[in-house]
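I set out to look up how the chains are held, within themselves and against each other. My entries follow in the order in which I made them.

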There are 2 protein chains.
Amino acid sequence: MHQTFDAALGLNLLHVNQDGADHNREHFDQWGITCLNLMSSPGAGKTVLLEKTLAALQGQLTMAVIEGDMTTELDADRLRQYGSPVIAINTGRSCHLDAKMVAGGIHRFKEDYNPSEFDLVFVENVGNLVCPAEFEVGEHAKVALLSVTEGEDKPLKYPIMFQEADCLLITKTDLIPHLDLDLEKLTTNVRSMNPHVTIIPVSAKTGEGLETWFHWVKSQVKVPATTSI
Amino acid sequence: MHQTFDAALGLNLLHVNQDGADHNREHFDQWGITCLNLMSSPGAGKTVLLEKTLAALQGQLTMAVIEGDMTTELDADRLRQYGSPVIAINTGRSCHLDAKMVAGGIHRFKEDYNPSEFDLVFVENVGNLVCPAEFEVGEHAKVALLSVTEGEDKPLKYPIMFQEADCLLITKTDLIPHLDLDLEKLTTNVRSMNPHVTIIPVSAKTGEGLETWFHWVKSQVKVPATTSI
């Protein structure tokens, strides 16, 4: 559910959401948790990336996932096999997670776990290259994924996601030999939107780039907090 | 720009949009135009499908395109090479075309052309598997595209698009040998959402399925109208 253009109402909604996101982030900060918000088109590989990441960083970091989907717990169930808590949020007809939904997820998480024992919370957003980019949820960094199959023009056509991203994963690089993709042009297009974004080409199939991604994830994690709520 | 969940406001917006869509459709009907609304995730292949379709059906049908993109006229410029009128609509921050935007496109189209001379208008929606499914624009049929790279679970996770579609094109079938895709499971998942949808697997690269698609398009075209506005 989403409105047609109405500047006044739209700004108001974004302000309310921003307040909620700031509140979520305060909680994460007090618990010493880093929150990363993963966003992409459907099928770009967010869930498989999280599977690889949970498997690789188990034992090094204490992690949880807030998993957003319109319907089903298919992705949540895939991720639960890796031993980390996975809180599923079904958004119904909504095309993105907002701060209030994630606050609900944090609340459920707190019922069963001591958040201060966690280092890292991944938010997997609804598959959508447009709307999630506008709604902060309390994350410390935004991670966008773009599959090589989507084409090199997408940063120009869907600029907000690429402007907002702190890290961009170019996924499914194993498919490049079978595509008419100009990877250099893609990178140039990304840089024209966001000169400072970290770009990491990855393939969950061959493992290319995953170590670089894990290193980036670990570089985002905070020193444990000394304060408590 | 889009709202967080608000049932009353949301319903109102959808009602207003529906009235606009019905009005657009009345115009199309009076001109004897069939309107097809193409929707998919970014990069599923809407534009290349339209390129192939405009090229193949030139001389058989008089066609126009209303091309929706957040920014840029990249796709519109690609399509203009085929000789049919292409009206570009930039949606700005909006994640979908709505009836009012398409009405604006129709108005511009009328300034330069006699609509009664046209048989078919394609609307290429913003790349988004969620939001466009809820906003009719006056189309006679909805065409959804799903790339084989997006995975067989997508009909379950993004149900509205698959429930609404009259025709589903499964695109990029040439990539199937390089993927872990269960095409039968994908088809079963689609049918579980929408038992009656026409499913056409296609590859713009090899040409697979394109003749079937062209045939379906032609089957949608009306007998020329005798009334005028």
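**Entry 1. Cysteines.** I note at the outset that this is a predicted model. I began with the sulfur of Cys131(A), whose closest cysteine sulfur belongs to Cys95(B), 3.5 Å away. That is too far for a bond, because a disulfide requires sulfur atoms within 2.5 Å. Cys131(A) is buried, at 0% relative accessible area. I then turned to Cys35(A), where the closest cysteine sulfur, that of Cys167(A), is 15 Å off and likewise too far for a bond. Cys35(A) is also buried, again with 0% relative accessible area. The search over all chains returned 0 disulfides.

**Entry 2. Salt bridges within chain A.** How many salt bridges does the whole structure hold? I recorded 28 over all chains. I looked up Arg25(A) and found its side chain in a salt bridge with that of Glu136(A), at 2.5 Å from N to O. The two residues belong to distant parts of the chain: Arg25(A) is in helix α1 (residues 7–31), while Glu136(A) is in the loop between β4 (120–124) and β5 (141–147), 111 residues apart. Arg25(A) counts as buried, at 18% relative accessibility, since the limit for that class is under 20%. I also noted that this pair does not stand alone: a network of salt bridges links Asp22(A), Arg25(A), Glu136(A), Glu139(A), Lys142(A) and Glu164(A).

**Entry 3. Salt bridges within chain B.** I examined two pairs that involve helix α3 of chain B. In one, Arg78(B) meets Glu51(B) in a salt bridge of 2.9 Å, N to O. Arg78(B) lies in helix α3 (residues 74–80) and Glu51(B) in helix α2 (residues 46–57), so the pair ties together parts 27 residues apart in sequence. Is each partner buried or partly exposed? Arg78(B) is partly exposed, at 28% relative accessible area, whereas Glu51(B) is buried, at 14%.

In the other pair, the side chains of Arg80(B) and Asp77(B) form a salt bridge of 2.8 Å, N to O. Both residues lie in helix α3 of chain B, 3 residues apart, which is about one turn of the helix. I found Arg80(B) partly exposed at 35% relative accessibility, and Asp77(B) partly exposed at 42%.

**Entry 4. Relation of the two chains.** I superposed the copies: chain A is laid on chain B with an RMSD of 0.0 Å by a turn of 180° and a shift of 0.0 Å along the axis. The two copies are therefore related as by a two-fold rotation axis.

**Entry 5. The interface.** I counted 46 residues of chain A in contact with 46 residues of chain B. Of the interface residues of chain A, 100% are also interface residues in chain B, so the copies meet through the same surface. The area buried between the chains is about 4300 Å², with carbon and sulfur atoms giving 63% of it.

I then looked up the polar side of the interface. There are 8 salt bridges between chain A and chain B. One of them joins Lys157(A) to Asp69(B), with the closest N and O atoms 3.5 Å apart. I also found 16 residue pairs in polar contact across the interface. On the side of chain A that touches chain B, α1, α3 (74–80), α5 (154–157) and α6 (159–164) each supply at least two residues. The largest share, 4 residues, comes from α1(A).

How values were computed. Residues are numbered from 1 along each chain as its sequence is written. Chains are lettered from A and ligands numbered from 1 in the order in which they are written. This is a predicted model: local features need pLDDT of at least 70, side-chain atom pairs count only at pLDDT 80 or more; totals for chains, interfaces and linings use all residues. Side-chain values use heavy atoms; hydrogens and water are left out. Buried means under 20% relative accessible area, exposed over 50%, partly exposed in between (1.4 Å probe, protein chains only). A salt bridge is a side-chain nitrogen of Lys or Arg within 4 Å of a carboxyl oxygen of Asp or Glu. Copies are superposed by least squares on the C-alpha atoms of residues with pLDDT of at least 70 in both. Contact means heavy atoms within 4.5 Å. Buried area is the accessible area (1.4 Å probe) that two parts lose on being put together, summed over both. A polar contact is a pair of N or O atoms within 3.5 Å; within protein, one must be able to donate a hydrogen and the other to accept it, and residues adjacent in sequence count only if both atoms are side-chain atoms.
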